[in-house]
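Student: I would like to go through this model term by term. Please set each value against its definition.

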Amino acid sequence: WRARWTAAQPAVGNARVRFVWNQPALSLRRAIEKLYATLIDATPRGAVVRLEHAYFAPTRLVRRALYRAMQRGTRLAVLTNSPETSDIGVLVDASRFAFYAMLRENAVVALFERRPRPDLGETTLHSKVASFGTCGPVIIGSANLDAQSAEHNSEDVVVIDDPALRQAFDAMYDTDIAPDRAQRITLARFRELSVLDWIKATWAFVLGDYWL
């Protein structure tokens, strides 16, 4: 009976759209996480996976897909909140350890943290969006890349295949990672962390597969 709720949608104009949801009350979990892993795996060598999420603490399934992507030569760009802009500190710890692990795998992966801009009314990043490859689909929805969204929350996303939307998405993403809006994170940044910072980041990362 669940197929009634996840059926492929008909084309509207030039766009193809698919609705995907998680609903723990109906024992429907991790469908969105599996969707991300599938689309990451489908993104070819040399193309870019762009992720922009308020909370970036990817679970094991998504992390493995990201590592496979880096190993085959797919490029990655990730934007999430910084300690100054996040409203949940433990998720910053988890995302920083995830960043560190990804940079150890591939030092040129493009990882960004949002800069606070209170003068423009911009503080916490709330986006939950992604794109895959040069002309692949866009994901827009409520789900972050963390265990809360994958396992515990009722979440939904739409997968949209539409060239016009994709062009607008790429322009938006380039604006969001511009130097005045985001800071690129490199391995050198982690030399600044204290022992306590490392302990917090490690435990947040370890617990992240289910609890964060």
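Tutor: We take the sheet, then the helices, the loop and the spaces.

Tutor: This is a predicted model, in which local features need pLDDT of at least 70, side-chain atom pairs count only at pLDDT 80 or more, and totals for chains, interfaces and linings use all residues. Residues are numbered from 1 along each chain as its sequence is written, and side-chain values use heavy atoms, with hydrogens and water left out.

Student: What makes β5 and β6 a strand pair?

Tutor: Strands are DSSP runs of E with at least two residues, helices are runs of H or I with at least four, and both are numbered from the N terminus. Two strands pair if DSSP finds at least two bridges between them. β5 (residues 128-132) and β6 (residues 138-141) have 3 bridges, so they meet that rule, in the antiparallel sense. Ala-130 has Ile-139 of β6 as its bridge partner. The hairpin has 5 residues between the strands, and Gly-133 there takes a positive phi near 75 degrees.

Student: How do you know that β6 also pairs with β7?

Tutor: The two run antiparallel and 4 bridges join them. That satisfies the bridge rule, so they count as a pair. Ile-139 appears again here, with Val-159 of β7 as its bridge partner.

Student: Why is the pairing of the sheet called mixed?

Tutor: Strands of a sheet pair through backbone hydrogen bonds, either parallel or antiparallel. β5 and β6 pair in the antiparallel sense. β2 (residues 48-53) and β3 run parallel and are joined by 5 bridges, with Ala-77 of β3 as the bridge partner of Arg-50. The sheet has 8 strands in the order β1-β7-β6-β5-β2-β3-β4-β8, and it is open.

Student: What makes β1 and β8 edge strands?

Tutor: β1 and β8 (182-185) each have a single partner strand, so one side of each has no neighbour in the sheet. Neighbouring strands of this sheet are turned by 15 degrees against each other on average, direction ignored.

Student: Why are α1 and α2 called roughly parallel?

Tutor: Axes are lines fitted to C-alpha atoms, for helices over the stretch in contact, and angles run from 0 to 180 degrees between N-to-C directions. Angles under 35 degrees count as roughly parallel, over 145 as roughly antiparallel, 65 to 115 as roughly perpendicular and the rest as oblique. α1 (residues 31-42) and α2 (residues 60-72) pack at about 5 degrees, with axes 9 Å apart. They are therefore roughly parallel.

Student: Which residues of α1 are in contact with α2?

Tutor: Contact means heavy atoms within 4.5 Å. Glu-33, Lys-34, Tyr-36, Ala-37, Ile-40, Asp-41 and Ala-42 of α1 meet residues of α2, among them Leu-61, Val-62 and Ala-65. By class, this contact has 9 nonpolar, no polar and 5 charged residues. Nonpolar covers Ala, Val, Leu, Ile, Met, Phe, Trp, Tyr, Cys and Pro; charged covers Asp, Glu, Lys and Arg; the others, Gly among them, are polar.

Student: What is notable about phi in the loop between β1 and α1?

Tutor: Most residues other than glycine have a negative phi. Ser-27, in that loop, has a positive phi of about 60 degrees although it is not a glycine. Arg-30 is found in the loop too, with a positive phi near 65 degrees.

Student: What makes a space a pocket or a cavity?

Tutor: On a 1 Å grid over the protein atoms alone, a 1.4 Å probe fits in a cavity but cannot get out. A pocket is an open set with protein on both sides within 12 Å along at least five of seven lines. Lining residues have an atom within 4 Å of a point. Points are joined across faces, edges and corners, and a volume is the space filled by probe spheres set on them.

Student: What lines the largest pocket?

Tutor: The largest pocket holds about 180 Å³. Its lining includes Ala-8, Arg-16, Leu-35, Pro-137 and Asp-161. β1 gives the most, 4 residues. By class, the lining has 6 nonpolar, no polar and 3 charged residues.

Student: How many cavities of 30 Å³ or more does the search find?

Tutor: The search of the whole structure finds 1. The largest cavity has about 80 Å³ of space. Of its 13 lining residues, Glu-33, Asn-144, Leu-145, Asp-146 and Ala-150 are the closest to the centre. α1 supplies the largest share of that lining, 3 residues.
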